[in-house]
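Okay, thanks for making room for me on the agenda. Have a look at this one while I talk, and stop me if something is unclear.

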Amino acid sequence: MSDIPDSQPTTALRRRLAELRGADVAPRPLDARALAALAANPGCRRRALLDGAGVDKGALAKALGAPAPFGQSQFAFTRGHAFEARVKGDGGAELMRLVHARTGAPGTPPPEAGEVAVPELSAPGPAGRAERTRLALERAAADGGWTLLDHPMVELPVAGSSVYLEPDAVAVHPDGRLTVVEIKSFPILDGSADPAKVGAAARQAAVYVLALAALCADRADRVAEQALLVCPKDFSNLPTAEAVDLRRQLATTRRQLARLTRLEEIAAMLPDGACLDPARPPAELAETVHRLPAAYAPQCLSTCELAFHCRARARAAGAVEVLGREVRGELGGLTTVAAVLAAARGGDGGPGDGPGADAGGGGGTDAGADPAAAALRRAARLRAEVLAAVPAAGRPAGRP
């Protein structure tokens, strides 16, 4: 369980978040996918508060007029559930044999049917399930056998609030080690899988590892810094598994979660009475949302339901964030497309005076002093020299 006491400040924060969400609106719980996306973009205070308050961002985006096509298709959802049921069949013996083959201690025999304990983890509410998971982990370590925790519940403090997470499975080895198991329905073809999907699965698994390490604070070394990724083999429905090293994802996630601003500081940006209930009038919702600084990037389109709304705002403001984080980083103090074009043309008088994006301002910098502006002028000059050297007859139609 979390060591955060139910103190007066914590109670006040929960009350404030409930007001922002809407008095009669149930909170939308965070999952590892959302938390991994949040950790990947810690500068977005908008998402931090919306997720922390449990606001339904999909419904909010629809109310704002910018719905996003999000979530799995029903076919993929059904196929994923069927594959997971097959992987965990036979009392978890097949899954634990995969765990043993890829992450087991050398020289130890694989578990047989009937040798895997699968404790009951159901309990009222997420806090009750987290407590039941903690007790099951203690019992498994004391028993010294193979134990499969099927959909356990673990707790992770994030930005001053507790988040409950549900891994697909956690395997407890006879020596007490814990291995997070991620079961995905995308295939492993000829020993390799889609790198983007494997990376997303690794980031989710890293969140689960951090939560387990917090739960086992006295013996955090019990939690393996690698996860077992279980997928269909080739074009069949037969499970195969690969161990995934999580050390890089763990270091990144720890650093990014530590940088997240505490929720009470973000909530203080909103006036008393502000509410993000999607049932409120769209104009009121838009005014409240726009008070929260965002950090839009094209990567948000695949991880955040509000991304289309934020992109429209960034485009309207001419913000360079729409070009990607890498481009934004290279442009330094030039925060708008107008400022970039002015610098490329040799302008020297406040090229960034145009409006900025939600992510943090639109003020520019002196083109003569900014190295990015100097590089843009040089690039524009080189381009002009190349174009001047190409005969007009040899240029493609429509090109100057």
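I'll go through the nonpolar cores, the cysteines, the salt bridges and then one threonine.

Before anything else, keep in mind that this is a predicted model.

So, the inside first. The largest nonpolar core has 76 residues, and the ones with the most contacts inside it are Leu35, Leu156 and Leu165. Which helix gives this core its largest share? That's helix 8, residues 195-215, which puts in ten residues. Let me stay on Leu156 for a second. Leaving out neighbours within four places in sequence, Leu156 touches both Leu35 and Leu165. The rest of its contact list is Ser161, Ser162, Val163, Val207, Leu210, Ala211 and Leu257. There's also a second, separate core, with 16 residues, and among them are Phe83, Val87, Met96 and Ala241.

Now the cysteines. How many disulfides turn up in a search of the whole structure? Zero. Take Cys44: the closest cysteine sulfur belongs to Cys310, and it sits 6.1 Å away, so that's too far for a bond. For a disulfide we'd want the two sulfurs within 2.5 Å. Cys44 is buried, by the way, at 9% relative accessible area, and Cys231 is buried too, at 0%.

On to charges. Side chains of opposite charge can pair when their charged atoms come close. Here the whole-structure search comes back with 17 salt bridges, and I've picked a few.

Start with Asp150 and Lys88, where the closest N and O atoms are 2.5 Å apart. Why might you care about that pair? Asp150 is in strand 2, residues 146-150, while Lys88 is in the loop between helix 5 (74-87) and helix 6 (93-103), so the bridge ties together parts that are 62 residues apart in sequence. Are the two partners buried or exposed? Asp150 is partly exposed, with 31% relative accessible area, whereas Lys88 counts as buried at 12%.

Next pair: Arg102 and Glu242, meeting at 3.9 Å, N to O. This one also links distant parts of the chain, with Arg102 in helix 6 and Glu242 in strand 8 (residues 239-245), 140 residues apart. Arg102 is partly exposed at 43% relative accessibility, and Glu242 is partly exposed at 31%.

Then there's Glu284 with Arg280, whose closest N and O atoms are 2.5 Å apart. Glu284 comes out partly exposed at 28%, and Arg280 is partly exposed at 32%. And if you prefer networks to pairs, look at Arg47, Asp51, Lys57 and Glu305, which are linked together by salt bridges.

Last stop, Thr179. You'll find Thr179 in strand 6, residues 178-183, and it's buried, at 0% relative accessibility. What does the side chain of Thr179 make a polar contact with? The side chain of His173, at 2.9 Å. Beyond its neighbours within four places in sequence, Thr179 is in contact with His173, Thr103, Ala169, Val170 and Ala171, and also with Ala224, Gln226 and Leu228. Gln226 is worth a click: Thr179 and Gln226 are 47 residues apart in sequence, but C-alpha to C-alpha they're 7.1 Å apart in space.

That's my tour. Happy to rotate the model if anyone wants another look.

Methods: Residues numbered from 1 in each chain as written. Predicted model: local features only at pLDDT ≥ 70, side-chain atom pairs only at ≥ 80, totals over all residues. Heavy atoms only, no water. Buried < 20%, exposed > 50% of the residue type's maximum accessible area, 1.4 Å probe, protein only. Core = buried A, V, L, I, M, F, W, Y, C linked by side-chain atoms within 4.5 Å. Helix = DSSP H or I, 4+ residues; strand = E, 2+ residues; numbered from the N terminus. Contact = heavy atoms within 4.5 Å. Salt bridge = Lys/Arg side-chain N within 4 Å of Asp/Glu carboxyl O. Polar contact = N/O pair within 3.5 Å; in protein donor to acceptor, adjacent residues only side chain to side chain.
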